[in-house]
Amino acid sequence: SSILAAGADHLLTLFGHSNREGWTWFEDVLAYDNCRLSEAMIRAGVRLGRVDVQQCGIETLRWMTALQKAPSGYFRPIGSRTFGKPYLKPHPFDQQPVEVWAAIDAASAAYDLTGDESWLKEATRAYDWFSGANDRGLAVADPQTGTSHDGLNHRGLNLNEGAESVLAYQHATIAIREFIAKVR
């Protein structure tokens, strides 16, 4: 519990240093698997019984959820071309499957805390990225084979099928099914 509290306090400190108007995040940059930080704060806050940690997790997840929504409403993961550039709003590419999985897990944690079913809508919107609700209108994953391409880039579909992408798709599929089951 002390390790968990120390980690949560560290993230709260980082948040305090980087948070400013229009930027509700733990760092001054966006990176890989962003929603995992918000999920960690939500889950740690619940475990520790700390409302401040829970609120930070929800607040940052709301910001990240809005940031990962394209103007037409579909899920647009933070593109890796954005990584490491201070206070830069995200570029759309290169989009990767792990971001979808992270968004679903974080939304599920937010639902567990709040009981707000709108988090299922956000998780479903993220999952639909795999079937073509994305910037290219292309299916990234194949539910028949259980495989996934490595994502979307400025040229189109990245045809590689790396283990990370395949596992992210499979874990995201399990996560969305479990989320739907607990809401119903």
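In this predicted model, helix α4 packs against helix α6 through a set of residues that can be followed along both partners: P97, V98, W101, I104, D105, A107, S108, Y111 and D112 of α4 meet E164, S165, A168, H171, A172, A175, I176, F179, K182 and V183 of α6. Sorted by class, this contact has 12 nonpolar, 3 polar and 4 charged residues. The two helices span residues 97-114 and residues 163-183, and their axes come within 8 Å and cross at roughly 25°. Because angles under 35 degrees count as roughly parallel, α4 is described as roughly parallel to α6. The crossing in which α4 passes α6 is left-handed.

A second pair of helices, α2 and α3, can be read in the same manner. Here the axes come within 7 Å and cross at roughly 155°. Since angles over 145 degrees count as roughly antiparallel, α2 is roughly antiparallel to α3. As α2 passes α3, the crossing is again left-handed. On the side of α2 the contact is made by C35, S38, M41, I42, A44, G45 and V46, and these meet V53, Q54, C56, G57, I58, T60, L61 and M64 of α3. The residues in this contact divide into 10 nonpolar, 5 polar and no charged, whereas the contact of α4 with α6 includes 4 charged residues.

From the helices the path leads to the charged side chains, among which the count comes to 11 salt bridges. One of them joins R43 and E39, whose closest N and O atoms are 2.9 Å apart. Both residues belong to helix α2, and because they are 4 residues apart there, about one helical turn separates them. R43 is partly exposed, with a relative accessible area of 40%, while E39, at 10%, is buried. A comparable arrangement is found in helix α5, where the side chains of R125 and E122 meet in a salt bridge with an N to O distance of 2.6 Å. These two residues are 3 apart in the helix, so they too are separated by about one helical turn. R125 is buried, its relative accessible area being 12%, and E122 is likewise buried, with a value of 17%. Some salt bridges share partners, and in this way D33, R36, E39, R43 and D105 are joined into one network. D105 has already appeared among the residues of α4 that meet α6.

Another salt bridge brings loops together rather than residues of one helix. The side chains of D135 and R76 meet at 2.6 Å, N to O. Because D135 lies in the loop between α5 (118-127) and β1 (141-142), and R76 in the loop between α3 and α4, the pair ties together parts that are 59 residues apart in sequence. R76 is partly exposed, with a relative accessible area of 23%.

The loop between α3 and α4 also holds P92, which is partly exposed at a relative accessible area of 28%. When its neighbours within four places in sequence are left aside, P92 is in contact with R76, P77, G79 and D135, so that both partners of the salt bridge just described, D135 and R76, are found among the contacts of P92. By contrast, P92 and S18, which are 74 residues apart in sequence, have C-alpha atoms 22 Å apart in space.

The backbone of this loop has further features to look for. The peptide bond from F93 to D94 is cis, with omega near 0°, and D94 lies in the loop between α3 (51-67) and α4. Y87, placed in the loop between α3 and α4 as well, has a phi near 50°, which is a positive value in a residue other than glycine. With 25% relative accessibility, Y87 counts as partly exposed.

A positive phi is also found at D33, where the angle is about 65° although the residue is not a glycine. D33 lies in the loop between α1 (2-18) and α2 (35-48), and at 23% relative accessibility D33 counts as partly exposed. This residue leads back to the charged side chains, since D33 is one of the residues joined with R36, E39, R43 and D105 in the salt-bridge network.

Technical notes: Residues numbered from 1 in each chain as written. Predicted model: local features only at pLDDT ≥ 70, side-chain atom pairs only at ≥ 80, totals over all residues. Heavy atoms only, no water. Axes fitted to C-alpha atoms, helices over the stretch in contact; angles between N-to-C directions. Parallel < 35°, antiparallel > 145°, perpendicular 65-115°, else oblique. Left-handed = near helix turned anticlockwise from the far one by under 90°. Contact = heavy atoms within 4.5 Å. Nonpolar A, V, L, I, M, F, W, Y, C, P; charged D, E, K, R; others polar. Buried < 20%, exposed > 50% of the residue type's maximum accessible area, 1.4 Å probe, protein only. Salt bridge = Lys/Arg side-chain N within 4 Å of Asp/Glu carboxyl O.
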